[in-house]
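Colleague: I would like to go through the ligand site and the terms used for it. Please set each value against its definition.

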Amino acid sequence: MDKERFLGQASFAKGLEDVIVCESKIGYVDGAKGWLVYRGYEIADLVKCSTFEETAYLTIFGKLPRGAELEEFTSKLSSYRSLPEPVHRIIRELPQDGNAMASLRTAFSALGSYDNTGDRFDHSAWTEIGIKQVAQMGTAVGAIARHRKGLSPLVPDSSLCYTANLLYMISGRKPDDRMTKVMDAAMILHIDHEMNASTFASMAVASSLADMYSAITAGLASLKGPLHGGANETVLRMLLEIGVADRADAYLDDMFARKKKISGFGHRVYKTYDPRAVILKKFADEVSATNGTRHLYEIAQKVEERVVKQYGGKGIFPNVDFFSGIIYYSYGIDPGLFTPLFAASRVVGWVARILEYLKDNRLFRPRALYTGDLVASYTPLSERV
Ligand code: ACO
């Protein structure tokens, strides 16, 4: 096959590596320096000084909100939290022990059937739906978490911030201030990460002007995968399987020998430490010290040391998914809910990037390099052997 002929003027990058598909002012990842900013603000500063609601506003609207703007945004996020009863019914019909991301994807797809206000594109209407979807994501995660335990969903508590309410709806307990702060920091760190697979999937769907629910459902479908958001759950299961730090070497020797990828390591863009992992490691250290999960943190330290020694030269370091699970597990959250928690934050990035792209929309339509036959003569069914 004449590769040049079929490429024409186009270039070929498997997995769209290093291909730029849009312009954006939302966030920047410097993969060599391990640096991440949202709208010009370093994530470490946002974790220290901001809240999930404020950072969500910043990500979607492009500036830090004034007092009244934040109040209005927060009260919208709070007022949009409820789900239509039929969506609760659909969640209840799903298997209790099924994959929570599959349930969340199904719930979001169904939500679209109960809100067709965005079937025709209108930027301000889609913005409003986007805010609603952020609010509803938390409630859907909470309802699925309760269903997994055979319990009825809780009514969202409008006196609680987004993160505290999410934790309350999952566990039935209101978190204390420190837990809220730590989990809010984790939520801030997951809000946006440029053109990752789920963001791209949601933008590709939105670019056909389908509707916001279809686009966010596509984001959820993509985030589920173990190469992407699903890795946080896989990491925790690996740490549990290793069991004690002394067994980490044997486990990793076997993984290295079989050339198996280690979940929570490596990244398409970062070729050094993911800055989110650096921050989450400190929280994992703190939280594991008092919640009976110190052994998991010790195993993680050992795994980090060995994997970086083995693969650091290839640019493979811990990513955002490596330490987050220790924090969630230490707080008693079921590992099956780790990726839904990720979604409850990343929905902000999906919404922001969809809205930004739609200001000057162009349908995503890349090409494939054809490597098949060009001339095949048709054989009637009766003559095929
Ligand atoms: N462990 C061991 N080796 C790895 C790892 C890993 N976690 N990640 C990449 N490599 C190796 C590959 O085996 C390959 O080696 P080779 O060149 O000798 O064949 C090389 O690095 C390149 O790997 P690719 O998979 O082609 O690199 P890509 O840019 O596609 O990787 C990815 C990105 C998919 C995240 C990968 O690092 C991976 O699978 N990591 C594990 C899963 C994970 O943690 N995902 C979460 C990422 S963060 C997020 O999405 C929220």
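Colleague: What makes the space taken by the ligand the largest pocket?

Modeller: The ligand occupies the largest pocket. A molecule sits in a pocket if more than half of its atoms lie within 2 Å of the pocket's grid points. A pocket is an open set of points on a 1 Å grid over the protein atoms alone, where a 1.4 Å probe fits, with protein on both sides within 12 Å along at least five of seven lines; lining residues have an atom within 4 Å of a point.

Colleague: What is the basis of the model?

Modeller: This is a predicted model, in which local features need pLDDT of at least 70, side-chain atom pairs count only at pLDDT 80 or more, and totals for chains, interfaces and linings use all residues. Residues are numbered from 1 along each chain as its sequence is written, and side-chain values use heavy atoms, without hydrogens and water.

Colleague: Why is the pair between His 228 and the ligand called a polar contact?

Modeller: A polar contact is a pair of N or O atoms within 3.5 Å. A polar side-chain atom of His 228 is 2.7 Å from a ligand oxygen, so the pair qualifies. For Lys 314, a side-chain N or O atom lies 2.9 Å from a ligand oxygen, and for Asn 319 the distance from a polar side-chain atom to a ligand oxygen is 2.9 Å.

Colleague: How many residues line the largest pocket, and which lie nearest its centre?

Modeller: The lining has 45 residues, with Asn 196, Ala 197, His 267, Arg 268 and Val 269 nearest the centre.

Conventions
A polar contact is a pair of N or O atoms within 3.5 Å; within protein, one must be able to donate a hydrogen and the other to accept it, and residues adjacent in sequence count only if both atoms are side-chain atoms.
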